[in-house]
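This report describes the fold and the side-chain packing of one protein chain. Please keep the sequence and the coordinates at hand while reading.

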Amino acid sequence: MTHDPSFIGFGSLDAALEFQVDHGGWVFDAQDAEEAIWFPPTTPPTKIMLHPATRGYSGRLLSDPADHSALSFQAAPKVA
């Protein structure tokens, strides 16, 4: 059976980062909270920032340090 969670919550940033070493992906480190949330590598950063689990939190999104692919963001189109 394949288990492919859309996210996993951890009680600490260290625990989430240890999981990330083996599985890749992203870790959302919520400011002023001890918890951290792991997301699979296929989840786009924009989707993570709009995810219900991160809603209402400020924090930083940590990429997999083993992933050296380029990451780029495009500005939203201007509204006329």
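The text below treats the sheet, the central strand pairings, the cores, the aromatic rings, the salt bridge and two further residues of this predicted model.

## The sheet and its helix

The strands form an open sheet of four, in the order β1-β3-β2-β4, with antiparallel pairing. Strands β1 and β4 are the edge strands, each pairing on one side only. From one strand to the next the twist averages 20°. Helix α1 packs on this sheet and touches β1, β2, β3 and β4. The direction of α1 makes about 170° with that of β2.

## Strand β3 and its neighbours

Strands of a sheet pair through backbone hydrogen bonds, either parallel or antiparallel. Here β1 (residues 8-10) pairs with β3 in the antiparallel sense over three bridges. Strand β2 (residues 26-30) also pairs with β3 in the antiparallel sense, over four bridges. Residue A36 of β3 takes part on both sides: A36 is the bridge partner of F10 and the bridge partner of D29.

Strands β2 and β3 form a hairpin with five residues between them. In that turn, D32 has a positive phi of about 65°.

In a regular strand the side chains alternate between the two faces of the sheet. How are the two faces of β3 (residues 36-39) covered? A36 and W38 are buried on one side, and I37 and F39 are buried on the other.

## Nonpolar cores

The largest nonpolar core has seven residues: F10, L13, A16, V27, A36, W38 and L62. Helix α1 (13-23) and strand β3 are the elements that give two or more residues to this core. Another core, of six residues, lies apart from it and includes W26, F28, A30 and I37. Thus I37 belongs to the six-residue core, while A36 and W38 belong to the seven-residue core.

Leaving out residues up to four places away in sequence, L62 touches L13, L17, Q20, G25, W26, V27 and D29. Among these contacts, L13 and V27 are fellow members of the largest core.

## Aromatic rings

A pair of aromatic rings is described by the distance of the centres and the angle of the planes. The structure holds three aromatic pairs, and two of them are listed here with their values.

| Pair | Centre to centre | Angle between planes | Type |
|---|---|---|---|
| F10 and F19 | 5.4 Å | 45° | tilted |
| F19 and W38 | 4.9 Å | 80° | edge-to-face |

Planes under 30 degrees apart count as stacked and planes over 60 as edge-to-face. The planes of F10 and F19 are at 45°, so this pair is tilted. The F19 and W38 pair links distant parts of the chain, with F19 in helix α1 and W38 in strand β3, 19 residues apart. Ring pairs link F10, F19 and W38 into a cluster.

The burial of these residues can be stated one by one. F10 is buried, with a relative accessible area of 16%. F19 is partly exposed at 22%. W38 counts as buried at 5% relative accessibility.

## The salt bridge

Side chains of opposite charge can pair when their charged atoms come close. The count for this model comes to one salt bridge. Which residue forms the salt bridge with D29? The partner is R60, and the closest N and O atoms are 2.8 Å apart. D29 lies in strand β2 and R60 in strand β4, so the pair ties together parts that are 31 residues apart in sequence. At 14% relative accessibility D29 counts as buried, whereas R60, at 45%, counts as partly exposed. D29 is also one of the residues touched by L62.

## Two further residues

T54 is found in the loop between α2 (45-49) and β4. Is T54 buried or exposed? T54 has a relative accessible area of 2% and is therefore buried. Not counting residues up to four places away in sequence, T54 touches F28, I37, F39, I48 and M49. Two of these contacts, F28 and I37, are members of the six-residue core.

A66 lies in the segment after β4 (59-62). With a relative accessible area of 58%, A66 is exposed. The C-alpha atoms of A66 and G25 are separated by 9.8 Å, and the two residues are 41 residues apart along the chain.

Note on methods: Residues are numbered from 1 along each chain as its sequence is written. This is a predicted model: local features need pLDDT of at least 70, side-chain atom pairs count only at pLDDT 80 or more; totals for chains, interfaces and linings use all residues. Side-chain values use heavy atoms; hydrogens and water are left out. Buried means under 20% relative accessible area, exposed over 50%, partly exposed in between (1.4 Å probe, protein chains only). Two strands pair if DSSP finds at least two bridges between them. A nonpolar core is a set of buried Ala, Val, Leu, Ile, Met, Phe, Trp, Tyr and Cys residues joined through side-chain atoms within 4.5 Å. Contact means heavy atoms within 4.5 Å. Rings of Phe, Tyr and Trp (its six-membered ring) pair if their centres lie within 6.5 Å; planes under 30 degrees apart count as stacked, over 60 as edge-to-face and the rest as tilted. Axes are lines fitted to C-alpha atoms, for helices over the stretch in contact, and angles run from 0 to 180 degrees between N-to-C directions. A salt bridge is a side-chain nitrogen of Lys or Arg within 4 Å of a carboxyl oxygen of Asp or Glu.
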